[in-house]
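Subject: Structure for you to look at

Hi,

Here is the structure I promised to pass on. Have a look at it first, and then read my notes underneath.

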Amino acid sequence: MIRRCRENYRRLRLGTRLALGMGVLSLVVFAVVGAALSMYMREYLERQLSDQMTHVQTTQSKDVADYGSVQAKPYWGWYTASYEVTSGTPVLREPADVPKDSDELAATAETLLTSGADPLLRTAPIDGNTYRLRACEVEDGVVLVTAAPMDDIENTMDRLVTVQVVAFALALLGLVIFGREVLRRGLRPLSDMAHTARGITSHDFTDSARLPVRADGGDGGPEVEELRTAFNTMLEHIDDSLAVRTEAEQRLRRFVADASHELRTPLMSVRGYADLFQYAAANEPGERDRHLARLRAEAARMGILLDDLLLLARLDAAQVEAPLRQERADLVELAGQAADAFRAGHPKHPLTVTTPPGELRLRLDPLRIRQVLDNLLTNAAIHTPAGTKVSVDVSVDDATAEVRVSDAGPGIPAADQDRVFDRFYRIDKARSRDRGGSGLGLAVALSLAQAHGGTLDLTSGPGSTTFTLRIPLD
């Protein structure tokens, strides 16, 4: 039975449980207040009755002194008697108005003598009713005993208890009903958050990473508002994480598709030239050598592509053993070597080099920085017509060393500037791969710059394009 009650209680909603808890707490408070009020009221009424009996006995003591006994009953239902106690046993003086069962009055007079208390107050039953008895010694050996019925006090207490029970019951019922409604309205923001959470669980994240629901504002107090704010902040964080994840998945899908496409082209070329080589080898040696050269070129191109993909993968994975072998190297010397290689490979593009006097030694991987510079210069040559001026400027400030590779070509459209560092991205989609490259050069350059703790920025406009490589001095 107790277990069933517990299970039923646990199934109740939070508002109902709080309302019941408030009801139980209020019931305890009402019981304590009612008991304290009843005790105080009874003590007050008994004290009032005792004071009234004191006044009555003050008047009756004169009758005892003058006539030897009480002559008249003070109030209806009251009893008064005087007793001689000189012999040790109370002897009733006549005439006296006493009930049929007057033993309690005599016992009260005897108790007064033995206890030494004067006056003596006690409560005792007489003829089936409860009486308040007061005894006092009016003369030597004479005790006056007055008995007053407590029916009025009992009736008053019964009515008071009845009123309290009815009032407290109505107050408790109203508190539970209205308190439950107030609590339900106060907890409504929590219900809204639960509804929001259910909406999140039913949301499809396949095509969109944004959560379409939020916990709206409303009443509820500072605590609920704090919870709502934390809840919405959590949703924003989930939104950002899902957006990053979705973007990463989309980039991965594009990367895999582009990589598959880029690898398929040289593989098909290798297969085609292999077939031609097999046919030409049986006929003319000159054709065989030409096809072998094409096979080597395609294999080399595929090897470069795979090396770039492997390097990007290692940089993205942030392996413990990073693909960098850093040492103290002269950045000015590296820029000069890259310029010499550019002049040899692209004689139709005039190149100027500006460097600071002396050496500029930094802690870096000279092979990888040389690769960055080669990629930037090759990019300038590929995307500009013959005769376009290209420049390399090396400078240093308090915190970084800078290498700016600029060309005076047509510039990069504003719509493409944000994507030039994306992998396999080409501004001219129709450009052949033999001349346009694989679209990984700038992506590799950016990743290597970031691996050195630096940056690679682009500034482009009509007639000018500049890539700025920044490497921290420390």
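This is a predicted model, and its open sheet is a good place to begin: 5 strands in the order β2-β1-β5-β4-β3, with antiparallel pairing. The edge positions go to β2 (91-92) and β3 (120-126); each has a single partner strand, so one side of each has no neighbour in the sheet.

Inside that sheet, β4 (residues 129-139) and β5 (residues 142-149) run antiparallel and are joined by 8 bridges. If you want one pair to click on, take R132, whose bridge partner in β5 is A148. Then bring up helix α3 (residues 103-115), which lies across β1 (79-84), β3, β4 and β5. Relative to β3, helix α3 runs at about 155 degrees.

Next, the charged pairs. I have 10 salt bridges in the structure, and three of them are worth a click.

One is E84 with R93, where the closest N and O atoms are 2.1 Å apart. How exposed are the two partners? E84 is partly exposed, at a relative accessible area of 24%, while R93 is buried, at 18%. The cut-off for buried is under 20% relative accessible area, so R93 with its 18% falls on the buried side.

Another sits within a single helix. R343 and D340 form a salt bridge with their closest N and O atoms 3.4 Å apart. Both residues belong to helix α8 (residues 331-345), 3 residues apart, or about one turn of the helix. Both partners are partly exposed: R343 has a relative accessible area of 37% and D340 has 49%. Exposed would need over 50%, so D340 at 49% still counts as partly exposed.

The third is R470 with E402, with 3.1 Å between the closest N and O atoms. Which parts of the chain does this pair tie together? R470 is in strand β12 (residues 464-472) and E402 is in strand β10 (residues 400-407), so the salt bridge links parts that are 68 residues apart in sequence. R470 is partly exposed, with a relative accessible area of 28%, whereas E402 counts as buried at 14% relative accessibility. This pair also has company: salt bridges with shared partners join E402, R404, D457 and R470 into one network.

Give me a shout once you've had a look.

Cheers

How values were computed. Residues numbered from 1 in each chain as written. Predicted model: local features only at pLDDT ≥ 70, side-chain atom pairs only at ≥ 80, totals over all residues. Heavy atoms only, no water. Salt bridge = Lys/Arg side-chain N within 4 Å of Asp/Glu carboxyl O. Buried < 20%, exposed > 50% of the residue type's maximum accessible area, 1.4 Å probe, protein only. Helix = DSSP H or I, 4+ residues; strand = E, 2+ residues; numbered from the N terminus. Pairing = 2+ DSSP bridges. Contact = heavy atoms within 4.5 Å. Axes fitted to C-alpha atoms, helices over the stretch in contact; angles between N-to-C directions.
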